[in-house]
Amino acid sequence: MHAIRKNSFVIILALGYTFSNAFGQSDSVSNALISNRSIVYESLGRLVREAKNNPRLKAADAKAKASFAFEKAQKSLDPPLVGVEFYQAPVSSFPNPVNGQMEYDYSIQQMFPFPGKLGTMAKTEQKRTEMLLSEKQTLEQDIIRTVKNGYFELYLLDRRIEINRETKNLFRNFVGIAKKQYEVGIGKQSDILRGQTELSSLDKDSIVLVQQRTSMQGMLNALCNRPLATEIEFIPEIYPLLPQYDLNALLALAMENRQELRSMQLGIQMKQAERAAAGKDYLPDFMVRGMYKQMTEGNDYWSLMLGVTVPVAPWSLNKYSSGAKRSDAEIQIAQSDFDNMKNMIAQDVNDALLKMESSTERLKLSRETAVPQARQSLESAMAAYGTGKQDFLMVIDIQRMLVMAKLDYHMAVMGILDSQSQLERSVGLSLNEIDRSIERGKQ
């Protein structure tokens, strides 16, 4: 009996050691968990930097460059038309155009848009290029957000793998105690079998967790455009930063820094430039044509022709008036989309802030109440089981409660990290940039 009590006491000590790092006194945080932050964020920072090699970003950059090239093309005149005419060639000389020819006409013709038309069309493409660059930055932020979300999912998987490993060690000790109790006649063989069954179940869970981690690792590697099998190191446990923000301050920053808003503003300016170009369609274009006539007999002479388009002709007026009306409607659509985006961004910021606050409360409740209580219950149950006063099945149930409490705590940590990433995406700035911007606003 003395040996059994001694073994159960060892298990209780092991429990206290296992959970003391993460769940010590409610008003203190392990220095190791705090120092691990720099390791975790350095690892995450490397992934974020590599995510800028994503093929979609490269495609978006090439699209912006193509638009810039087209912008330069819009500033140029159309190519001139150069021609040679073999005038009054005898039919009998066909197909030789120079046999018996009476004259040769050499001409050059050039169209000149009304002054200001080319500049207006070039401005449209300039705004399109700026909009595409802004969309590229939006895509980059989306990819970074996805990388961070995947990394924090990986963080939670590593915690689950850690808990699984700790729980297996604990059940091995449970089985050891059950065997010793059975040997001295106060235990049950069914307790040994239950413990071994739990170990088998944990082994299965371990296989699934490893597979999930490998899958998540592959997704992150794909986002960063690197080989899928590239190893992402084990993520240590951390205690997250718990900043507090004012919703109104965050909304003001989001309206200034969200790339979607900038992109849509540029889109409105592009539509306005298109409307200005449509208005200039009512103005005429000019055509100049010069010709030199080389006569086979007699004196050579030259001619000059000046032409002008007439956009206000009754049979062509609708073409240009319809274009102007369409541009007016597109400006209204773009403005409405812009106003709707502002509302959506405000909702995104509010949602991210609420998630961060609720996850913080959940973390504090788990750390200060749920986990310590579950741990104490298990220690008490183990002590009672060591003396034969507690049923083994009850010990298993209480141990499961402790595992659930720990998982809930780590899910709260992951929720805080992910909601902070969501807040960064919603505002368009990193947390450090948000803090600096708020401080500057107070000065």
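Trainee: What makes H4 stand out in the lining of the second largest pocket?

Mentor: H4 gives the largest share there, six residues. This is a predicted model: local features need pLDDT of at least 70, side-chain atom pairs count only at pLDDT 80 or more, and totals for chains, interfaces and linings use all residues. Residues are numbered from 1 along each chain as its sequence is written, and side-chain values use heavy atoms, without hydrogens and water.

Trainee: Which other elements give two or more residues to the lining of the second largest pocket?

Mentor: Strand S2 (103-112) and helix H7 (259-280) do, along with H4. Helices (H or I, at least four residues) and strands (E, at least two) are DSSP runs, numbered from the N terminus.

Trainee: Why are Pro113 and Lys117 called lining residues of the second largest pocket?

Mentor: A lining residue has an atom within 4 Å of a point of the pocket, an open set on a 1 Å grid over the protein atoms alone where a 1.4 Å probe fits, with protein on both sides within 12 Å along at least five of seven lines. Pro113 and Lys117 are among the 23 residues that line the second largest pocket, so each has such an atom.

Trainee: How much space lies in the second largest pocket?

Mentor: About 400 Å³. The largest pocket has a volume of about 780 Å³. A volume is the space filled by probe spheres set on the points, joined across faces, edges and corners.

Trainee: Which residues lie closest to the centre of the largest pocket?

Mentor: Lys148, Glu424, Leu429, Ser430 and Leu431, of 29 lining residues. H4 gives the most to this lining, with seven residues.
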